[in-house]
Amino acid sequence: MVEKSNECQHHWVIDSPNGPVSVGVCKNCGKHGEFRNSIQSSGWDRDSSQAKRARQNAR
Ligand SMILES: [Zn+2]
């Protein structure tokens, strides 16, 4: 007996990133998954740092 389906070496095809999270689909089994984009440079990171400042001021 050969059970291929149980051990899928997911081959993720990930959408082009348009936010902190990208959606990927496994080419082999069609499974969907979410992938965090590790972007540490400027961008939306600025917003979060601003939010942190606001929080600090509030406390
Ligand atoms: Zn898979």
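What does the secondary structure of the protein come to? The answer is one helix and three strands, arranged along the sequence as β-β-β-α. Here helices (H or I, at least four residues) and strands (E, at least two) are DSSP runs, numbered from the N terminus.

Please keep in mind that this is a predicted model, where local features need pLDDT of at least 70, side-chain atom pairs count only at pLDDT 80 or more, and totals for chains, interfaces and linings use all residues. Residues are numbered from 1 along each chain as its sequence is written.

Let us look at the strand pairs. Two strands pair if DSSP finds at least two bridges between them.

| Pair | Sense | Bridges | Residues between the strands |
|---|---|---|---|
| β1 and β2 | antiparallel | three bridges | six residues |
| β2 and β3 | antiparallel | five bridges | five residues |

Both pairs form hairpins. Strand β1 covers residues 12-14 and β2 residues 21-26; Trp12 stands opposite Cys26 in β2. On the other side of the pairing list, Gly24 has Gly33 of β3 as its bridge partner. In the turn between β2 and β3, Gly30 has a positive phi of about 80°.

Now for Arg36, a residue of strand β3 (residues 32-36). Arg36 counts as exposed because it has 10 C-beta neighbours inside 10 Å. A residue is buried if 20 or more other C-beta atoms lie within 10 Å of its own, exposed if 12 or fewer, and partly exposed in between, with C-beta atoms placed from the backbone. Of the 59 residues of the protein, 0% count as buried.
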